[in-house]
Amino acid sequence: MGEAFVVQEQSIGAMLAAARHAAGLTVEQVSAATRIREAIIHGLEQDDGSQCGGDFYTRGHVKAVAKAVGLDPEATVHLYDQQHGGAPRPVAASAVFQADKKINVPERRGPNWTMALGVALAIVVVFGMMRVLGGASDQVRTADVQVASARPKVPPNMPVQPKPAAGKAVKRTVTVEIKAKRSSYVQAHDAMGRKLFSGTLKAGKSDTWSADDKVSVLLADASAVTLQVNGKKVKLDAGRGEMLRRSFGPPKTTER
């Protein structure tokens, strides 16, 4: 439980300062927590809100500082309103919108029918002249035009095989499965040196890793684990407690 503050005889500034000292905080720490400038916090503790920019912002700063130092922010703002003449009054709508203010609306004029009629007649005349002068030249001989098919013709029952990208190496996957007979420290990395596993594999636990091209493993006690690479068991010739480092590649493919 925090300390109880006697707020009836304290100003807001004194109450904020006392709560900050009781919480063991500096003005700099309160400023960092609330993002309020230190000068404003010093002013609030002296009951000076002149740097806040108005009563609305002062109330907001008081609320934020009160929360940071462990006071009830709502109760502190309520006390601030009591000490400063009550909460700010809401702005009446009549003060914002003045009904007696005249708004000049430009007079709406009718369309200019004379100009519209002239333009329409000009369009009709031009269109008629184009039809007369065009004559037979507008006829399009479509018999001589051959439509090219957008799709190439492919003989039936002939599969289309995609061409492999030139210069792009085909990556092959390596799969390593490890099982711990006894707890042992294990590390595994891929061909790029990225870590696949690092830690102690508990007794009876197993793990599987897959990567492109190569998987490298470091076994702190190679006799404590069993390995399967690409589905085949790998024999590890190692004594108890012997460290072993091995790398494994993808399975070899046989050409047909």
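This passage walks through the strands, cores and aromatic pairs of a predicted protein model.

Because the model is predicted, local features are reported only where pLDDT is at least 70 and side-chain atom pairs only at pLDDT 80 or more, whereas totals for chains, interfaces and linings use all residues. Residues are numbered from 1 along each chain as its sequence is written, and side-chain values use heavy atoms, with hydrogens and water left out.

The protein holds seven helices and eight strands; these are DSSP runs numbered from the N terminus, with helices being H or I runs of at least four residues and strands E runs of at least two. Of its 256 residues, 25% count as buried, where buried means under 20% relative accessible area, exposed over 50% and partly exposed in between, with a 1.4 Å probe and protein chains only. The accessible surface comes to about 20300 Å², and 55% of this belongs to carbon and sulfur atoms; the areas come from the Shrake-Rupley method with a 1.4 Å probe, and for residues only the protein chains shown count as cover. Among contacts (heavy atoms within 4.5 Å) between residues at least 6 apart in sequence, 56% join residues at least 24 apart.

An open sheet is built from four strands in the order S3-S2-S5-S8, with antiparallel pairing; two strands pair if DSSP finds at least two bridges between them. Strands S3 (195-201) and S8 (244-248) stand at the edges with a single partner strand each, so one side of each is left without a neighbour in the sheet.

Strand S2 (residues 184-190) is a good place to look more closely. With S5 (residues 215-219), S2 pairs in the antiparallel sense over five bridges, and with S3 over six. Ala-188 of S2 stands opposite Val-217 in S5 and opposite Phe-197 in S3, while the bridge partner of Gln-187 in S5 is Leu-218. S2 and S3 form a hairpin with four residues between them, and Gly-193 in the turn has a positive phi of about 85°. In a regular strand the side chains alternate between the two faces of the sheet. Along S2, Ser-184, Val-186, Ala-188 and Asp-190 point to one face and are buried, while Tyr-185, Gln-187 and His-189 point to the other and are not.

The largest nonpolar core has 22 residues, of which Val-176, Ile-178, Trp-209, Leu-219, Leu-227 and Phe-248 touch the most other members. Such a core is a set of buried Ala, Val, Leu, Ile, Met, Phe, Trp, Tyr and Cys residues joined through side-chain atoms within 4.5 Å. S1 (173-180), S2, S3, S4 (206-212), S5, S6 (225-229) and S8 each supply at least two residues of this core, and S1 gives the most, with four. Apart from this core lies another, of 18 residues, including Met-15, Cys-52, Ala-66 and Val-69.

A search of the whole structure finds two aromatic pairs. One of them joins Phe-56 and Tyr-57 edge-to-face, at 5.4 Å centre to centre and 85° between the planes. Rings of Phe, Tyr and Trp (its six-membered ring) pair if their centres lie within 6.5 Å; planes under 30 degrees apart count as stacked, over 60 as edge-to-face and the rest as tilted. Phe-56 counts as exposed at 62% relative accessibility, and Tyr-57 is partly exposed at 46%.
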